[in-house]
Amino acid sequence: MKFDRIILDFDDTLFDDDRFMSDIFVVFNNYGVDREAFGSAYRQTKEDGWNPIRQAKLIFSKIPNGFIDDIERIFSDSHKYIFDDALAFLKDNPASKCILSFGDNRTQLNKIENSGIVRYFDSINITANHSKEDFFEGLGGDLSRVMFVDDKPKVINTIKVNFPDVFCVLMSRGFDPTTGLDIRADAIIRTFDDLV
């Protein structure tokens, strides 16, 4: 498949967010936070885009000394969480590439900038729009030459319905995307190695 432009989600597409969040939980746990309190505060901050400091403020009356430094150490090691197949895909694919990620601007940029993959991208876009439609509304040119890869079936379905010329790829690392949803993706992959 040849495309002029490839738009890639970050979390769970390029970046192992499950492993990253497990390590973030270890930091919280080291300061006495159990899984239930961690999960509850996480869910409260997730809707607007997760931010570890906002999450901590929901848990602690005063953020403990050393906590922010420990969290920053995890962020500074973001390169450890890039999937191997994603890195190979980025290195081997000459198309213009863009990251399109939903979340808290500062948090996402911190992960992305420390991930070691920024050099492979022409642009990085953080959106507060869950469906990511706002980005695609601004695209010009021949959308049939654009590939979009995301791990969320609802996002893929929304983009495919509203921008049918975009080639939409659902990344399904570790889950079965066919249960309970009518998937409108042009392709479903488990790793970037499946894109041949």
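Buried means under 20% relative accessible area and exposed means over 50%, with partly exposed in between (1.4 Å probe, protein chains only). The model is predicted, so local features need pLDDT of at least 70 and side-chain atom pairs count only at pLDDT 80 or more, while totals for chains, interfaces and linings use all residues. Residues are numbered from 1 along each chain as its sequence is written, and side-chain values use heavy atoms, with hydrogens and water left out.

**Exercise 1. Find out whether Lys-160 is buried or exposed, and what it touches.**

Step 1. Start with the place: Lys-160 is found in helix H8, residues 153-162. Helices (H or I, at least four residues) and strands (E, at least two) are DSSP runs, numbered from the N terminus.

Step 2. Lys-160 has a relative accessible area of 15%, so it is buried.

Step 3. Now list the contacts (heavy atoms within 4.5 Å). Setting aside residues up to four places away in sequence, Lys-160 touches Val-166, Phe-167, Cys-168, Arg-184 and Asp-186.

Step 4. Look at Val-166 once more: its backbone oxygen is reached by the side chain of Lys-160 at 2.8 Å.

**Exercise 2. Describe the surroundings of Asp-17 in the same manner.**

Step 1. Asp-17 belongs to helix H1, residues 17-30.

Step 2. Its relative accessibility is 9%, and therefore Asp-17 counts as buried.

Step 3. Not counting residues up to four places away in sequence, Asp-17 touches Asp-11, Asp-12 and Lys-111.

Step 4. With Lys-111 there is a polar contact of 3.3 Å between the two side chains. Such a contact is a pair of N or O atoms within 3.5 Å; within protein, one must be able to donate a hydrogen and the other to accept it, and residues adjacent in sequence count only if both atoms are side-chain atoms.

**Exercise 3. Work out which strands pair with S1 and S2.**

Step 1. Two strands pair if DSSP finds at least two bridges between them.

Step 2. Take S1 (residues 5-8): S1 and S2 pair in the parallel sense over 4 bridges. Ile-6 stands opposite Lys-97 in S2, and Ile-7 is opposite Cys-98.

Step 3. S1 also pairs with S4, again parallel and over 4 bridges. Here Ile-7 has Phe-148 as its bridge partner.

Step 4. Move on to S2 (residues 96-102), where 6 of the 7 residues are buried. S2 runs parallel to S3 (residues 123-127), joined by 5 bridges, and Leu-100 has Asn-125 in S3 as its bridge partner.

Step 5. Add helix H6 (residues 105-113): S2, H6 and S3 make a right-handed β-α-β unit. Right-handed here means that, with the strands pointing away from the viewer, the path from the first strand over the helix to the second runs clockwise.

**Exercise 4. Show which side of helix H5 is covered, and by what.**

Step 1. In H5 (residues 84-92), the buried residues are Asp-85, Ala-86, Phe-89 and Leu-90.

Step 2. These residues lie on the same side of H5, because they cover an arc of only 135° around the axis. The arc is that of the directions from the helix axis to the C-beta atoms.

Step 3. A general rule helps: an α-helix has 3.6 residues a turn, so residues three or four places apart point the same way.

Step 4. The buried residues of H5 pack against S1, S2 and S4 (146-150). On the face turned away from them sit the exposed residues Asp-84, Lys-91 and Asp-92.
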